[in-house]
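Reader: Got a minute to walk me through this one? I'd like to start with how the helices pack.

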Amino acid sequence: MFKKLGEDIAAIMARDPAAKSRLEVVLCYPGFHALLLYRLANAAWRRGWFLLGRFLSHVGRVLTGIEIHPGATIGRRFFVDHGMGVVIGETAQVGDDVTLYQGVTLGGTSLHQGKRHPTLEDGVIVGSGAQVLGPLTVGKGARVGANAVVLKDVAAGVTVVGIPAQVAISRAKQQDTDFCAYGTSIDMPDPVARALDGLLGEVTALKARVAELEGAPAAGAPANGSNGHRPDPRPDPRPGASRDGN
Ligand SMILES: CC(C)(COP(=O)(O)OP(=O)(O)OC[C@H]1O[C@@H](n2cnc3c(N)ncnc32)[C@H](O)[C@@H]1OP(=O)(O)O)[C@@H](O)C(=O)NCCC(=O)NCCS
């Protein structure tokens, strides 16, 4: 139990860039508190102490806003970042190293008693507000975009987004297998740099167009003549002179 908790704390430290110390995780992380109460509730549930299990799960929900049914199966190093509005149903199965953000539902779509909640395989990341509904499987290492609604199986390693969720990035393109904070690629370009690049491109194109309209080449624009000057299309007025020098 203590070994597992140590692992849980280390996992939170590794996955949340905002976490400064282990003590901070223990005192201030609702995801950690919910997991602690879930483990107690689940132990009670497995012994047939259903009311105690439900009560501990309810205490966890009141304290953290994260509702994990005591009958759910949760793997090791599970991390719910921020908490609030997370619901994990009774027959949900969550593998190891799974990360959920606030507002995620692992919910059912039917009232039958059997398996009716999703299975998340190892290393899955589910973005904030995403709804994963029904007895489907989200494959190993897959990522679910913020606010997506997942209604069918997701293959291992792919990223799905939207309502209903569709594949946005296939496994071939998604090469980073390590955890990436917030599910975003580590080598994602800086959005400010990307915007500046776009602006620079537009400014260069506009300068070239202005120069073209004014009949003079712009600095940095590709020159048409070998000496960097645009060739004069008018005939040479000097007597006997021709444009090719003859
Ligand atoms: C889905 C996600 C994992 C993809 O991240 P990524 O690998 O960096 O991919 P990109 O940002 O390059 O996006 C790929 C495509 O999916 C689209 N997309 C990304 N996230 C989306 C989302 N949540 N909903 C709809 N479309 C989305 C992008 O617009 C892009 O489309 P394009 O190729 O047509 O331009 C990420 O955007 C995401 O939603 N992460 C969850 C973050 C989160 O919940 N944070 C909470 C912190 S409190």
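Author: Sure. H3 and H4 are roughly antiparallel to each other. Bear in mind that this is a predicted model.

Reader: What angle and axis distance do H3 and H4 pack at?

Author: The angle is about 175 degrees, and the axes are 7 Å apart. Anything over 145 degrees counts as roughly antiparallel, which is why H3 and H4 get that label.

Reader: And which residues make the contact?

Author: On the H3 side you have Pro 30, His 33, Ala 34, Leu 37, Leu 40, Ala 41, Ala 44 and Trp 45. H4 contributes Phe 50, Leu 52, Gly 53, Arg 54, Leu 56, Ser 57, Val 59, Gly 60, Leu 63 and Thr 64.

Reader: Let's look at Val 59 then. Buried or exposed?

Author: In between: Val 59 is at 27% relative accessibility, so it counts as partly exposed. Its C-alpha atom is 9.7 Å from that of Tyr 38, and the two residues are 21 apart along the chain.

Reader: Back to H3. What span should its 17 residues give, and what do the end C-alpha atoms say?

Author: H3 covers residues 30–46, and at 1.5 Å a residue it should span 24 Å. The end C-alpha atoms are 24 Å apart, so the two agree.

Reader: Which of its residues are buried?

Author: Gly 31, Phe 32, Ala 34, Leu 35, Leu 37, Tyr 38, Arg 39, Ala 41, Asn 42, Ala 44 and Trp 45.

Reader: What do those buried residues pack against?

Author: Helices H1 (2–15), H2 (22–28) and H4 (50–64), plus strands S1 (66–68), S2 (73–74) and S3 (79–80).

Reader: And what follows H3?

Author: Gly 48, with a positive phi near 90 degrees.

Reader: Switching topic: how many aromatic pairs are there in the whole structure?

Author: A search of the whole structure turns up 2. One of them is Tyr 29 with Phe 79, a tilted pair with 6.5 Å centre to centre and 40 degrees between the planes.

Reader: Where do Tyr 29 and Phe 79 sit?

Author: Tyr 29 is in the loop between H2 and H3, while Phe 79 is in strand S3, so the pair ties together parts that are 50 residues apart in sequence. Tyr 29 is buried at 8% relative accessible area, and Phe 79 is buried too, at 1%.

Reader: What about Trp 45 and Phe 50, how are their rings arranged?

Author: Edge-to-face: the ring centres are 4.6 Å apart and the planes sit at 70 degrees, so the pair gets that label. Trp 45 has a relative accessible area of 19%, and the cut-off for buried is under 20%, so Trp 45 counts as buried. Phe 50, at 45%, is partly exposed.

Reader: Any backbone oddities? What's up with Ile 163 and Pro 164?

Author: A cis peptide bond joins Ile 163 and Pro 164, with omega about -15 degrees. Pro 164 is in the loop between S14 (159–161) and S15 (166–169). For context, most peptide bonds are trans, and most residues other than glycine have a negative phi.

Reader: What is the phi of Arg 77?

Author: Near 55 degrees, so a positive value in a residue that isn't glycine. Arg 77 sits in the loop between S2 and S3 and is partly exposed at 22% relative accessible area.

Reader: And His 82, what's its phi?

Author: Also positive, about 75 degrees, although His 82 is not a glycine. His 82 is in the loop between S3 and S4 (86–88), and it is partly exposed, with a relative accessible area of 48%.

Reader: Let's move to Thr 105. Where is it, and what does it touch?

Author: Thr 105 lies in strand S7, residues 105–107. Leaving out residues up to four places away in sequence, Thr 105 touches Val 87, Ala 130, Gln 131, Val 132 and Leu 133. Thr 105 is buried, with a relative accessible area of 16%. Its C-alpha is 5.7 Å from that of Val 86, which is 19 residues away in sequence.

Reader: What does UniProt place at residues 4–35?

Author: An unreviewed UniProt entry has the feature "domain: Serine acetyltransferase N-terminal" there. In the model, residues 4–35 are 78% helix and 0% strand, with the end C-alpha atoms 11 Å apart.

Reader: Last one: how many helices and strands does the protein chain have?

Author: 5 helices and 15 strands. Of its 246 residues, 36% count as buried.

Notes. Residues are numbered from 1 along each chain as its sequence is written. This is a predicted model: local features need pLDDT of at least 70, side-chain atom pairs count only at pLDDT 80 or more; totals for chains, interfaces and linings use all residues. Side-chain values use heavy atoms; hydrogens and water are left out. Helices (H or I, at least four residues) and strands (E, at least two) are DSSP runs, numbered from the N terminus. The expected span of a helix is 1.5 Å times one less than its number of residues. Buried means under 20% relative accessible area, exposed over 50%, partly exposed in between (1.4 Å probe, protein chains only). Contact means heavy atoms within 4.5 Å. UniProt positions are given in the numbering used here, feature names are shortened, and annotations may be inferred rather than shown by experiment. Rings of Phe, Tyr and Trp (its six-membered ring) pair if their centres lie within 6.5 Å; planes under 30 degrees apart count as stacked, over 60 as edge-to-face and the rest as tilted. Axes are lines fitted to C-alpha atoms, for helices over the stretch in contact, and angles run from 0 to 180 degrees between N-to-C directions. Angles under 35 degrees count as roughly parallel, over 145 as roughly antiparallel, 65 to 115 as roughly perpendicular and the rest as oblique.
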